[in-house]
Number of protein chains: 2
Amino acid sequence: MKPETLPLFAGTKDAKLALLALLPRKAEYPRGARLLSAGEKCQSIGILLSGGADIVREDAGGDPVTVAHIGQGELFAESFACSGEPLTVSVVATLPSLVLWLSAERLLSGAEPQVTANALRLFARKNLYLTQRIEHLSRRTLEQKVLSYLRSVRRAAGTNTFCVPFDRQGLADFLGCDRSALSAVLSKLKRKGVIDYHKNSFRLL
Amino acid sequence: MKPETLPLFAGTKDAKLALLALLPRKAEYPRGARLLSAGEKCQSIGILLSGGADIVREDAGGDPVTVAHIGQGELFAESFACSGEPLTVSVVATLPSLVLWLSAERLLSGAEPQVTANALRLFARKNLYLTQRIEHLSRRTLEQKVLSYLRSVRRAAGTNTFCVPFDRQGLADFLGCDRSALSAVLSKLKRKGVIDYHKNSFRLL
DNA sequence: TCCGATTTGTTGTAATTACAACGGATTTTT
DNA sequence: AAAAATCCGTTGTAATTACAACAAATCGGA
């Protein structure tokens with residue numbers, strides 16, 4: 001994936017130049033490598049050019065929890081880098097990965113205005129995504145969580161039949177529940193005639 | 001609350017000027033008024049100068065749910081305004097309120113760089129806050145949710161004794177559970193000697 | 001201080017969910 | 001094609017939680 005084609009540089013006259021202003025560094029990591037560790041302060045925004053990684057919380061009291069997955073082209077650690085807070089999570093490569101590191105300081109001052117505006121938009125979008133997930137997670141019962149989620153996907157798709165970007169385990173993680181409990185709720189909803197589904201294709205009536 | 005003293009304008013040479021570049025409009029709302037309605041596209045970022053408001057989701061299938069409260073000095077609708085997405089929630093005044101509306105378009109291009117940088121930092125912080133809440137909400141049991149939350153407050157406070165900024169009902173809403181169930185879990189943890197508390201002052205051992 | 005209102009804890013019950021185990025289906029690898 | 005691995009739904013059980021109702025404690029005026 002070419003850095004200049006990233007959404008962050010959309011609309012710039014010279015993406016290459018805009019990129020250089022952010023002091024880019026590329027780094028390769030083997031599978032299993034730690035890109036960042038909890039407790040550090042990080043000055044750089046990460047962009048995963050290729051490969052895959054997990055954001056992991058290793059809590060003192062509890063066992064480690066995978067908070068999110070990072071796919072190709074996605075930003076990570078941007079909030080920590082831009083807010084100056086130390087990391088509360090670690091980032092671990094699940095595949096051999098190529099990472100582009102960009103200076104957060106430069107992004108905050110000294111970058112092309114178009115790039116900063118893009119960043120603001122990206123941050124806003126992520127906020128919306130997080131807020132939506134919170135709305136699903138806040139429902140009291142699993143059935144409500146599932147319906148809240150399916151309705152949000154339907155709204156985004158604009159059709160009653162749509163696909164979800166998860167397998168069952170992924171959806172269970174996203175909704176903060178057990179996979180088999182999710183399966184049970186889904187088939188109950190199917191029996192009740194509220195939804196229909198096959199694999200990750202759903203219909204909401 | 002004076003607009004020029006807002007964090008958004010911190011570090012500007014002339015806060016008044018920086019404010020004017022964002023085409024500010026002030027508006028007053030009586031208690032119960034809708035500041036924004038789901039489905040609209042909003043071009044403006046809201047800042048609550050005084051009063052109080054709730055962010056409410058009115059779902060087709062379910063009853064309305066209060067997603068968040070907005071207090072004095074807080075931003076709202078900023079993510080929708082900056083990303084261009086239509087609102088999925090409504091905003092309702094719970095008290096007579098004074099709102100400062102600022103042009104999102106201007107913030108994205110044409111604002112003082114310092115202001116844009118401040119916005120980026122604020123968005124980043126909100127991001128972290130939302131992510132943390134998701135981590136709590138994702139735990140499987142209420143006990144884990146509570147401990148996850150209390151540990152995060154302890155980490156922020158740096159001491160084993162600390163106060164939480166919620167009453168019980170507020171904490172229950174934040175953790176997505178029933179208030180009495182929360183009370184029950186808290187006293188179980190107290191009996192087990194894991195925590196101690198009185199009102200909203202907690203000690204985590 | 002007294003009263004009313006609000007907040008918080010407790011109890012009981014019904015419903016929900018986690019968890020583990022298993023079997024069938026599907027996919028991938030050899 | 002066979003074997004292995006993964007994914008998915010089902011079942012049973014124990015634990016958890018929602019929910020409603022109520023009692024105790026706390027708070028805020030009058």
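These are my notebook entries on how two protein chains and two DNA strands sit together in a predicted model.

**Entry 1: the two copies**

I started with chains A and B and asked how one maps onto the other. A turn of 180 degrees, with a shift of 0.0 Å along the axis, lays chain A on chain B with an RMSD of 0.1 Å. The two copies are thus related as by a two-fold rotation axis. I jotted down the background too: two copies of a chain are related by a rotation about an axis and a shift along it.

**Entry 2: where A meets B**

Next I looked up who touches whom. I found 44 residues of chain A in contact with 44 residues of chain B. Do the copies meet through the same surface or through different ones? The same surface, because 100% of the interface residues of chain A are also interface residues in chain B.

Then came the area. The size of an interface is often given as the accessible area lost when the parts come together. Here chain A and chain B bury about 4,200 Å² between them, and 57% of that is on carbon and sulfur atoms.

**Entry 3: what holds my attention in the interface**

How many salt bridges are there between chain A and chain B? I got 4. One I noted down joins the side chains of A:Arg125 and B:Glu85, at 2.7 Å from N to O. I also got 9 residue pairs in polar contact across the interface, with both residues at pLDDT 80 or more.

Which elements of chain A supply at least two residues each to the side touching chain B? My list reads β5 (65-70), α2 (78-83), α3 (104-108), α4 (113-138) and α5 (142-157). α4(A) has the largest share, with 20 residues. Sorted by class, this side of chain A has 18 nonpolar, 11 polar and 15 charged residues.

**Entry 4: DNA strand C**

I moved on to the DNA. There are 17 residues around strand C, and the nearest come from both chains: A:Thr141, A:Leu142, B:Arg168, B:Ser183 and B:Ser187. I wanted to know which part of the strand faces the protein. Of its atoms within 4 Å of the protein, 61% belong to sugar or phosphate and the rest to bases.

I checked some phosphate oxygens of strand C. The side chain of B:Ser187 has an N or O atom 2.7 Å from one, and a polar side-chain atom of B:Ser183 lies 2.9 Å from one. A:Asp178 uses its backbone instead, with an N or O atom 3.3 Å from a phosphate oxygen. Which helix gives the most to the surface near strand C? That is α7(B), with 4 residues. By class, this surface has 5 nonpolar, 7 polar and 5 charged residues.

**Entry 5: DNA strand D**

Strand D has 19 residues around it, and the closest are A:Arg168, A:Ser183, A:Ser187, B:Thr141 and B:Leu142. Of the strand D atoms within 4 Å of the protein, 67% belong to sugar or phosphate and the rest to bases.

At the phosphates I found A:Ser187, with a polar side-chain atom 2.6 Å from an oxygen, and A:Ser183, with a side-chain N or O atom 2.8 Å from one. What does the side chain of B:Ser180 approach? A base nitrogen of strand D, 3.3 Å from its N or O atom. The largest share of the surface near strand D comes from α7(A), with 4 residues. The classes here are 5 nonpolar, 7 polar and 7 charged.

Key. Residues numbered from 1 in each chain as written. Chains lettered and ligands numbered in written order. Predicted model: local features only at pLDDT ≥ 70, side-chain atom pairs only at ≥ 80, totals over all residues. Heavy atoms only, no water. Contact = heavy atoms within 4.5 Å. Buried area = accessible area lost by both parts, 1.4 Å probe. Polar contact = N/O pair within 3.5 Å; in protein donor to acceptor, adjacent residues only side chain to side chain. Nonpolar A, V, L, I, M, F, W, Y, C, P; charged D, E, K, R; others polar. Near = heavy atom within 4 Å. Least-squares fit on C-alpha atoms with pLDDT ≥ 70 in both.
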